[in-house]
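Me: I would like to go through this protein with you, one part at a time. Could we begin with a term I will need?

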Amino acid sequence: MVLVSVFLEILRKPTIGDVLKELMIFIAPLWIAVIVGVLVGWAWKPKWANIGREMMIDCSVSKDSTPASSDSSSTSFNLISSLNSIKFLLPSCISWITDDEAQSDPFSLPPTVDSNCSSSQIPKGKTSFVTNEDLEHFVNLVEEKDGGPAWIHMMDCSTPTMFYQAWQRDLEAGPTEYRSRTVFEDTTPEMVRDFFWDDEFRPKWDNMLVSAATMEECPTTGTMVVHWVRKFPFFCSDREYVFRRRIWESGRAYYCVTKGVPYASVPRKNKPRRVDLYYSSWLIRAVESRRGDGQLTACEVLLFHHEDMGIPWKIAKVGVRQGMWGTVKKIDPGLRAYQKERTSGNTLSHCAFMAQINSKISADYLRSFESKSNDSSELETHNSSEKPSGKNIPKLLVVGGAIALACSFDRGLLTKAVIFGVARRFANIGKRL
């Protein structure tokens with residue numbers, strides 16, 4: 001009441017100049033208190049700040065352990081290179097998660113071993129394999145029956161021998177997911193399959209790949225564990241990926257599934273930084289040529305990709321959108337060079353040889369996945385009829401929490417700016433609820 005009475009007394013001043021002068025005198029101590037508080041918080045980092053950061057890391061890792069719909073050997077696998085388009089905006093590498101996070105295995109999936117695979121080549125107790133459940137999830141993505149949000153169209157681009165389309169969508173939690181459709185003229189599904197699988201040839205067209213090594217393989221199913229190190233823009237450290245990949249064949253359609261897995265045999269390092277959440281899968285099949293001659297002389301690639309690179313998702317999203325086509329259009333010359341090398345009679349690389357070992361499945365088996373997804377979608381529609389009631393979020397509480405969080409993280413000005421921006425957005429959301 002005292003503050004209200006003082007404020008009313010100021011408003012009773014005879015002139016506007018007097019009112020503004022009194023208001024400045026009245027507000028100045030408050031601003032001084034806020035500035036002093038922020039400076040003190042910036043310089044003093046409490047012990048519980050690290051605990052909070054570890055809790056955030058644990059939460060992000062728990063989301064990584066769920067199967068989800070991320071840069072593989074597919075047409076937009078190199079999208080991260082598009083971050084070069086915003087490199088001048090960033091003074092230093094941005095990271096929400098420390099490089100020395102979680103040395104222990106964050107995944108607790110039970111190991112599964114294919115009965116046809118040699119135990120000497122796939123040691124017992126290793127991480128989860130690419131199973132039929134992963135295939136089912138991928139088929140539902142292809143048929144757009146996975147229950148996720150609708151895809152938002154991004155672009156249509158083309159060259160004389162390639163046509164490209166891209167979509168994106170944002171989930172409630174996790175990085176942005178991307179979907180693309182690429183049609184390559186005058187090639188076969190088998191050639192494109194081997195091209196994307198061939199890690200020995202990839203450095204000739206993918207200048208981001210620093211190194212690639214096969215850690216394990218199954219000569220019966222063709223399943224492989226691969227370790228990649230990829231070059232990132234100058235303001236970020238390089239990233240390393242450990243992923244398991246496998247191909248299923250149905251007719252002349254190839255379902256290629258790749259997902260990141262924990263792998264104790266490759267210990268974590270500060271540099272390059274490990275990317276845990278990683279998913280990239282693509283369907284390769286013959287389609288009619290866009291020339292309209294009715295011949296199946298073209299190859300279609302449907303890609304579904306997402307990964308958590310340790311960069312704020314909204315910033316990564318802007319970079320990907322700006323540089324996507326510039327990166328993708330470089331794949332077509334690489335494919336043509338690969339075709340030329342293969343037709344010249346050169347020896348088939350080991351990775352390309354492994355790409356030809358596929359798990360055969362029937363069309364009826366794929367349709368069984370679709371029937372399951374239809375049943376589950378009906379159940380989700382019924383359950384979603386009840387809408388949760390929203391709660392009002394006090395704006396002062398959100399902004400105050402953001403100040404405390406920003407002062408607790410010693411991550412530079414840009415990270416703090418992102419935190420305040422997110423706080424303002426949530427505060428506006430809170431007012432609307």
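Reply: Certainly. A residue is called buried when its relative accessible area is under 20%, exposed when the value is over 50%, and partly exposed in between. Please keep in mind that this is a predicted model.

Me: Then is Ile311 buried or exposed?

Reply: Ile311 is buried, because its relative accessibility is 3% and the limit for a buried residue is under 20%.

Me: And where is Ile311 in the chain?

Reply: Ile311 sits in the loop between strand 10 (298-307) and helix 6. Its C-alpha is 9.7 Å from that of Pro175, although 136 residues separate the two in sequence.

Me: Let us change topic. How many residues of helix 5 are buried?

Reply: Eight of the nine residues in helix 5 are buried, which leaves this helix mostly covered. The buried residues include Arg193, Asp194, Phe195 and Trp197.

Me: Asp194 caught my eye. What is its relative accessible area?

Reply: The value for Asp194 is 1%, so this residue counts as buried. Asp194 belongs to helix 5, which spans residues 189-197.

Me: Which side chain makes a polar contact with the side chain of Asp194?

Reply: The partner is the side chain of Gln356, at 3.3 Å. If neighbours within four places in sequence are set aside, Asp194 is also in contact with Tyr338, Arg342, Ala352 and Ala355.

Me: Two of those, Tyr338 and Arg342, are in helix 7, right? At what angle do the axes of helix 5 and helix 7 cross?

Reply: Yes, Tyr338 and Arg342 are in helix 7. The axes of helix 5 and helix 7 (residues 331-343) cross at roughly 105° and come within 10 Å of each other. Helix 5 is therefore roughly perpendicular to helix 7.

Me: Which residues meet there, and what kinds are they?

Reply: From helix 5 come Met191, Val192, Asp194, Phe195 and Phe196, and they meet Ile331, Gly334, Leu335, Tyr338, Gln339 and Arg342 of helix 7. Seven of the residues in this contact are nonpolar, two are polar and two are charged.

Me: On to the nonpolar core. How many residues does the largest one have?

Reply: The largest nonpolar core has 50 residues. Those with the most contacts inside this core are Met155, Phe195, Phe196, Trp282, Ile284 and Met324. Helix 6 (residues 313-328) gives the largest share, six residues. There is also a second, separate core of 19 residues, with Val130, Tyr255, Leu366 and Phe369 among them.

Me: Why would nonpolar side chains be buried together?

Reply: I can only offer the general pattern: in soluble globular proteins, nonpolar side chains tend to be buried together.

Me: And what does Met155 touch?

Reply: Not counting residues up to four places away in sequence, Met155 touches Tyr164, Gln165, Ala166, Arg321, Met324 and Trp325.

Me: Last topic, the backbone. Which peptide bond is cis?

Reply: The bond from Lys271 to Pro272 is cis, and its omega is near -5°. Pro272 lies in the loop between strand 7 (253-260) and strand 8 (273-274).

Me: What is phi of Glu144, and what is phi of Asp186?

Reply: Phi of Glu144 is near 55°, a positive value in a residue other than glycine. Phi of Asp186 is also near 55°. Glu144 is in the loop between helix 4 (132-142) and strand 1 (152-159), whereas Asp186 is in the loop between strand 3 (177-185) and helix 5.

Me: Are they buried or exposed?

Reply: Glu144 is partly exposed, with a relative accessible area of 46%. Asp186 is partly exposed as well, at 41%.

Notes
Residues numbered from 1 in each chain as written. Predicted model: local features only at pLDDT ≥ 70, side-chain atom pairs only at ≥ 80, totals over all residues. Heavy atoms only, no water. Helix = DSSP H or I, 4+ residues; strand = E, 2+ residues; numbered from the N terminus. Buried < 20%, exposed > 50% of the residue type's maximum accessible area, 1.4 Å probe, protein only. Polar contact = N/O pair within 3.5 Å; in protein donor to acceptor, adjacent residues only side chain to side chain. Contact = heavy atoms within 4.5 Å. Axes fitted to C-alpha atoms, helices over the stretch in contact; angles between N-to-C directions. Parallel < 35°, antiparallel > 145°, perpendicular 65-115°, else oblique. Nonpolar A, V, L, I, M, F, W, Y, C, P; charged D, E, K, R; others polar. Core = buried A, V, L, I, M, F, W, Y, C linked by side-chain atoms within 4.5 Å.
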